[in-house]
Amino acid sequence: MSDGEEAEEVPMVTEEAAGPGEPMDIMTALQLVLKKSLAHDGIARGLNEAVKAIERNQALLCVLAQDCDQPDYTKLIEALCQEHNSVNMITVPKAKDLGEWAGLCKIDTEGNARKVVGCSCVVVTDYGEETEGLNVLTEHLKNRA
């Protein structure tokens, strides 16, 4: 760095992303949960890994993208989650967002995601440590059921 340049702050998603006192929304909570799960190697990405995790009864949460263009894909995942009662399902609007949250991207020097690969299905097998995002997400799933 030269004398005139200053280091820029990289905006990162933290547990205080919603601000103190504000309720965290579901997508932010889901993003935090997926980030922790990725750090603890508790994510199965894609159809093959997701089906294996669900059938082994390792799945705790299944996240499905709404913009998936394969109806058979979504029907299979939904049917497997119904068959194995302990698997909760949640949907997100875009597969690209889900792919970014699941770690299917490159992070450049500024901290921005590059070369994001879309992912239609992610299964969480290990939440990692308990966070505020996990609490918000479990409350949402309890209220929805």
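A residue counts as buried when its relative accessible area is under 20%. By that criterion, 37% of the 145 residues in the protein chain of this predicted model are buried. The accessible surface of the chain amounts to about 9,100 Å², and carbon and sulfur atoms account for 47% of that area.

A newcomer may find it helpful to walk through the fold next. The protein chain contains five helices and six strands. Followed along the sequence, these elements are arranged in the pattern α-β-α-β-α-β-α-β-β-β-α. The pattern thus opens with a helix and closes with one, and three strands come in succession just before that closing helix. Contacts add to this picture: among those between residues at least 6 apart in sequence, 71% link residues that are at least 24 apart.

The cysteines deserve a look of their own. Zero disulfides are present in the structure. Cys62 takes part in no disulfide, and its nearest cysteine sulfur, that of Cys121, lies 3.9 Å away. Because a disulfide requires two cysteine sulfur atoms within 2.5 Å, the 3.9 Å between the sulfurs of Cys62 and Cys121 does not qualify. Cys62 is also buried, its relative accessible area being 0%.

Cys119 is likewise in no disulfide. For Cys119, too, the nearest cysteine sulfur is that of Cys121, here at 6.9 Å. With a relative accessibility of 5%, Cys119 falls in the buried class.

Conventions
Residues numbered from 1 in each chain as written. Predicted model: local features only at pLDDT ≥ 70, side-chain atom pairs only at ≥ 80, totals over all residues. Heavy atoms only, no water. Buried < 20%, exposed > 50% of the residue type's maximum accessible area, 1.4 Å probe, protein only. Helix = DSSP H or I, 4+ residues; strand = E, 2+ residues; numbered from the N terminus. Contact = heavy atoms within 4.5 Å. Areas by Shrake-Rupley, 256 points an atom, 1.4 Å probe, with all protein chains shown as cover.
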